[in-house]
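Me: I should like a close look at one part of a structure. Please set the answer out in connected prose.

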Amino acid sequence: MGSSLVRNRTRRAASIVATAVTTTLVAGVVTAVSAQAAAGCQVTYQVGAQWAGGFTAAISIRNLGDPVTGWRLGWTFPAGQTITSAWGFTASPASGSVVATNLDYNAAIATGGVVDVGFNGTWTGSNPEPAGFTLNGTACTGSTTPTPTTPTPTTPTTAAPTTPPPPTTTPPPTTPPPTTPPVTTPPPTSGTPTVASDGTGRYRTVQAAIDAVPANSSSRTTITIKPGTYREVVRVASNKTNVTLRGLGSAPSNVVLVYNNSAGTRKPDGTTYGTFNSASMFVDGADFVAENLTIANDFVENTSGVDQQAVALHLNADRAVLRNVRLLGDQDTFLVNDKTRAYVVGSYVEGTVDFIFGGGTIVIDGSSIYEKRSTGGPITAARTPASKTYGMLIYRSTITGATNNTTQLGRPWGPDAQVLYRESTLSATMKTAQPWIDMSGNVWQNARFREYRNTGPGAGTNGNRPQLSDAQAATYTPQRYLAGSDGWNPM
């Protein structure tokens, strides 16, 4: 957000791999011990196949046994092979005998179900080629054979790789995360997708499909998007109401809407975009829904290594819902602007500084929030007007980060900022002694910052961590945040 502070960004080691290695491993007949055990699994492992910007490996896990409600995928790397950043799991350890453990939103794999995850890595010699996998302790066997892979094409712009997934050097919280409601994503729509960059849909770009939506419609228009990377600035204008964008992939990583403007990027007329206009996606139309896709800003630091604000999603719409969505960026990833009422569920948000910010009202429910910078930083920067009772509620979510004791819950962009972390799991990334800090002359103690019944190694109470009472908590529920004057309840 629009801070004048200069911040150095941790540079990420990511390599573009020209070849692909696919490993398919199928377990033999194994008797399941319980409903938590996998009687068999199939793992597809591809190097350099998912994102041309440096995604080292993509992994698909197919459960052939009993339903699993918490998974652990194990494999062994040769010496010198290390996971540097992961998406969709935590790795402990990140080298040697690796154990990848699910995140909250992808913990369940039904019989025949598939979960897609991935990582960046470093290595000496050849790329990682695990000889075998285990799923919840059940060994799979198979062979490794090289296959050619064509990376997803993207429209040339500035030389900026897609933002890689977050680092996972922080161990998972020792306190189990709270139970979160299952996220129901509608199944992919059969037939021809609305948008497909390869020409197999009605439109080649997301914007073209949005432009064709009737103005001020009271009926919902669902735009289905074929897997791929769509490098364009997307705008859902205020007269484009009741629009749903639905990714057709097996995971939100399969459909990526991305651009790389920043606050300092110069337009053709010589002016710069500024923070608010740097977004990869702008949404002003009421009753907007996004499902099963990624919205990203992959702007990277300039040659002097200085961060600039670069928004992924600028949301300024009433009654918006984001379900099973990834928001990827660095500083100022997600702008929740003043007109917003939004419900974000079963999703993932990452960034470095103030990466959930603005004056709108939002509930982030059962989601994962990741501070990716090794030096930490504040997650929220609310600018809630004094006239609004409700600003930001982080509810039953999990907060993790790249390093321990470095991350703040937030700081007040406006003097009356309102933020509540409620019943969430805070990992050791939290700066427990001082999780709220001042900003631009706004004193955090004067803002409306509270916690309530959080758990995990980053939780706690002290003079710098004001808590809601049980009586107060009854009026700070997700339903109260979202109800407004029309009684909206998307939960």
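Is Asn-324 buried or exposed? Please also describe the strand that holds Asn-324 and the nonpolar core to which that strand contributes.

Reply: This is a predicted model, in which local features need pLDDT of at least 70 and side-chain atom pairs count only at pLDDT 80 or more, while totals for chains, interfaces and linings use all residues. Residues are numbered from 1 along each chain as its sequence is written, and side-chain values use heavy atoms, with hydrogens and water left out.

Asn-324 counts as buried, at 15% relative accessibility; buried means under 20% relative accessible area, exposed over 50%, and partly exposed in between, with a 1.4 Å probe and protein chains only. Asn-324 lies in strand β20, where a strand is a DSSP run (E) of at least two residues, numbered from the N terminus. Its phi is near 55 degrees, a positive value in a residue other than glycine. Most residues other than glycine have a negative phi. Asn-292, in strand β18 (residues 289-297), also has a positive phi, of about 60 degrees, and is buried with a relative accessible area of 5%.

The largest nonpolar core (buried Ala, Val, Leu, Ile, Met, Phe, Trp, Tyr and Cys residues joined through side-chain atoms within 4.5 Å) has 53 residues. Strand β20, residues 320-328, supplies the largest share of this core, four residues. Leu-245, Phe-334 and Ile-356 have the most contacts inside the core. Beyond its neighbours within four places in sequence, Ile-356 is in contact (heavy atoms within 4.5 Å) with residues including Phe-334, Val-336, Val-349 and Met-392.
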